[in-house]
Number of protein chains: 2
Amino acid sequence: MATIKDVAKEAGVSIAAASLALNGKGSLSEETRAKIIETAERLNYKPNALAKGLVTSNKINTIGIIIPKPGTEFLPFVGMDILGGIGEVANEKKYNMLLDWEEGLGGTKVLDLVRSGIVRGLVFFLPLNDVTTFRALNDLNFPYVLMSRPPEGVYCSWVDVDNVDAAYQATVSLIKAGHTRISFSSPGPIEFLVSSDRHSGYRQALLSHNISYDESYVSIGNGDIQSGKAAMTHFLSLKEPPTALIAGSNLLAIGMLESLKEHGLDHRDKAIITFDDSPLAESYGISAIHIPTNTIAKESARLLIKRIGHTRRVEPENIVIDAQLIVRNTFVPVR
Amino acid sequence: MATIKDVAKEAGVSIAAASLALNGKGSLSEETRAKIIETAERLNYKPNALAKGLVTSNKINTIGIIIPKPGTEFLPFVGMDILGGIGEVANEKKYNMLLDWEEGLGGTKVLDLVRSGIVRGLVFFLPLNDVTTFRALNDLNFPYVLMSRPPEGVYCSWVDVDNVDAAYQATVSLIKAGHTRISFSSPGPIEFLVSSDRHSGYRQALLSHNISYDESYVSIGNGDIQSGKAAMTHFLSLKEPPTALIAGSNLLAIGMLESLKEHGLDHRDKAIITFDDSPLAESYGISAIHIPTNTIAKESARLLIKRIGHTRRVEPENIVIDAQLIVRNTFVPVR
DNA sequence: CTGAAAGCGCTTACAG
DNA sequence: CTGAAAGCGCTTACAG
């Protein structure tokens, strides 16, 4: 394969001139520059990225994408959506995408990758909750962006959806449809950040519409179908059951629907909105809060590349993206 | 970050000695070697992959994975499955994974990637039917493997499922269950390689069990739900309708099921087997031929890495993987 | 058993 | 406006 030496020789100039011309730098005569570029194209010359990277930043123009190991979580749709989003930005900015994941807890693959000089920055999806890795990256002043809020004690750049607002919007839409008895089911302890934000948005919506917050309308489970059934059974047993339900996960919502059926009711009897939108929610026709993963991915990539461009240490930045309510046939105005 | 120079100085040896020790080459005293390795660990030394790559193969230990642009085809599940499979092998062999796709027809990103020296080999999934790219790779003697049969006129290594055998097995299983009137619906012209192989397996199974091949039991559509309905309606109108049906796509099978319902029948009345297995087939409970994408991915990666190891030109290799019939509630013995 | 030197392909001050 | 030289971090013959 042609090297810059070949191009220089063929064009009858020095290697330095060739380099300058091909990078659009220095002050060469238009004539020489044109000749060099023409020669490079004719020889199918493409600069060796390794040599270039070695001499400039000591790194190659690559962003590393760290995801959970495929098959360990339910993320195929989200996963491809994210890769597509990051790829779009990466292509535009002439970066390559390197894909990787830790094999287990406490793995050092991410740090090894950084030390080896292959990547100029990292985007993390569903971070390993391994705070050490992030701390080490901070110490190295190495650019990275999380596609979610960071774990406790980590100060860094991130892009995430506004969960408070999402829950607020969902609740308000139910209130506007005439509901006043609205339940909230969390797939895990309210203390978890995501749940806590959503719960808070739910509560704010109620209060700002003068609806009193009622603990019996809040259920906490573990996010599976069984939990959804249990929640619905509990709510139906109340003297004044909720007329609308917010489910913290798709499986919760599906469990609720099934429980409705078992009680001789169906989706026309209760309004249900679920986090998050997914093909599952879609196929069940459940109204859902759509998390724009593709947008989050793109913004993360843009933010990362911007940070890579900075030579000095800069303060972390955060971007909050709006979620969007998708109304399907489980959204019923109160009768 | 520590370089080999730092390690050498700290350990009080020459750079060459350090390199030798860290790569387990040369003949150093056990003592020196141990001291060097200990020092490297203490300094968190990790060789700069670019410098190493530049001086050895002119390339970095990375395999490129070329997929269709995310979002353009229905492949999230398959896509993540493949990335997981390739990643498993890559990790094991200490290779990085670079992900990329062409933006449009006639793109040159793949070739540019190769010329830039970032990847040592490529795995293609659903190849762009851009024969030029493969020809160019062949000219460069650059290692690559297709995760499917190659397009006409391309001589290369590939890993794929045995479609003839898959259709044969599916048909035989129906025959063994007592069916003799078995239909075959193709999602596209029989001339297409995949369809042709499957049709051929179907036909062979019939013949080898002394069932005559009947053209009226074969339908050709375009693979969507509408086609499935049309096929079923046609088959039901026959004087002797088939008792078992092989559908060339999930949507075809779903269309068939819906048509059955419209005719007042259901899945207990006809045996249906579809290509390929997918969450869609699973959620509809349709018996399906499972294509082991994960295995194909792993075998492709292994084959590629093996080829990367060869310095001389070697003949392409092909690996054929068996498919597997998954029996669900649309598989009914004839009554 | 170990060190000095050349070189991988590039870029970038520095002279002229 | 252009060329000679140094250097990025590593490996690998080649001397000693």
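**Exercise 1. Which residues in α5(A) meet which residues in α5(B)?**

*Solution.* Keep in mind as you work that this is a predicted model.

Step 1. Start on the chain A side: α5(A) brings A:Pro76, A:Phe77, A:Gly79, A:Met80 and A:Leu83 to the contact. On the other side, α5(B) brings B:Pro76, B:Phe77, B:Gly79, B:Met80 and B:Leu83.

Step 2. Sort these residues by class: the contact of α5(A) with α5(B) has 8 nonpolar, 2 polar and no charged residues.

Step 3. Now look at the geometry. Two packed helices are described by the angle and the distance between their axes. Here the axes of α5(A) and α5(B), residues 76–92 in each chain, come within 8 Å and cross at roughly 80°. Angles of 65 to 115 degrees count as roughly perpendicular, so α5(A) is roughly perpendicular to α5(B).

**Exercise 2. Trace the sheet from edge to edge and find where the chains join.**

*Solution.* Step 1. Read off the order: the open sheet has 12 strands, β11(A)-β5(A)-β4(A)-β3(A)-β1(A)-β2(A)-β2(B)-β1(B)-β3(B)-β4(B)-β5(B)-β11(B), and its pairing is mixed.

Step 2. Pick out the edges. These are β11 (318–321) of chain A and β11 (318–321) of chain B, each pairing on one side only.

Step 3. Go to the place where chain A meets chain B in this order. Strands β2(A) and β2(B), residues 96–100 in each chain, run antiparallel and are joined by 3 bridges. In one of them, A:Leu98 has B:Leu98 as its bridge partner.

Step 4. Add the helices. α5(A) lies across β1, β2 and β3 of chain A together with β2 of chain B, at about 150° to β2(A). Helix α13 of chain A (residues 293–309) lies across β1, β3, β4, β5 and β11 of chain A, at about 165° to β5(A).

**Exercise 3. Describe how the protein surrounds DNA strand D.**

*Solution.* Step 1. List the neighbours: 25 residues surround DNA strand D, and the closest are A:Val55, B:Ile4, B:Ser19, B:Asn23 and B:Tyr45.

Step 2. Assign helices. α2 and α4 of chain A and α2 and α4 of chain B each supply at least two residues of this surface, and α2(B) gives the most, with 4 residues.

Step 3. Ask which part of the DNA is approached. Of the atoms of DNA strand D within 4 Å of the protein, 75% belong to sugar or phosphate and the rest to bases.

Step 4. Check the phosphate oxygens. Side-chain N or O atoms lie 2.9 Å away for B:Asn23, while polar side-chain atoms lie 3.1 Å away for B:Lys25 and 2.8 Å away for B:Tyr45.

Notes
Residues are numbered from 1 along each chain as its sequence is written. Chains are lettered from A and ligands numbered from 1 in the order in which they are written. This is a predicted model: local features need pLDDT of at least 70, side-chain atom pairs count only at pLDDT 80 or more; totals for chains, interfaces and linings use all residues. Side-chain values use heavy atoms; hydrogens and water are left out. Axes are lines fitted to C-alpha atoms, for helices over the stretch in contact, and angles run from 0 to 180 degrees between N-to-C directions. Angles under 35 degrees count as roughly parallel, over 145 as roughly antiparallel, 65 to 115 as roughly perpendicular and the rest as oblique. Contact means heavy atoms within 4.5 Å. Ala, Val, Leu, Ile, Met, Phe, Trp, Tyr, Cys and Pro count as nonpolar, Asp, Glu, Lys and Arg as charged, and the others, Gly among them, as polar. A residue is near a molecule or strand if one of its heavy atoms lies within 4 Å of it. A polar contact is a pair of N or O atoms within 3.5 Å; within protein, one must be able to donate a hydrogen and the other to accept it, and residues adjacent in sequence count only if both atoms are side-chain atoms. Two strands pair if DSSP finds at least two bridges between them.
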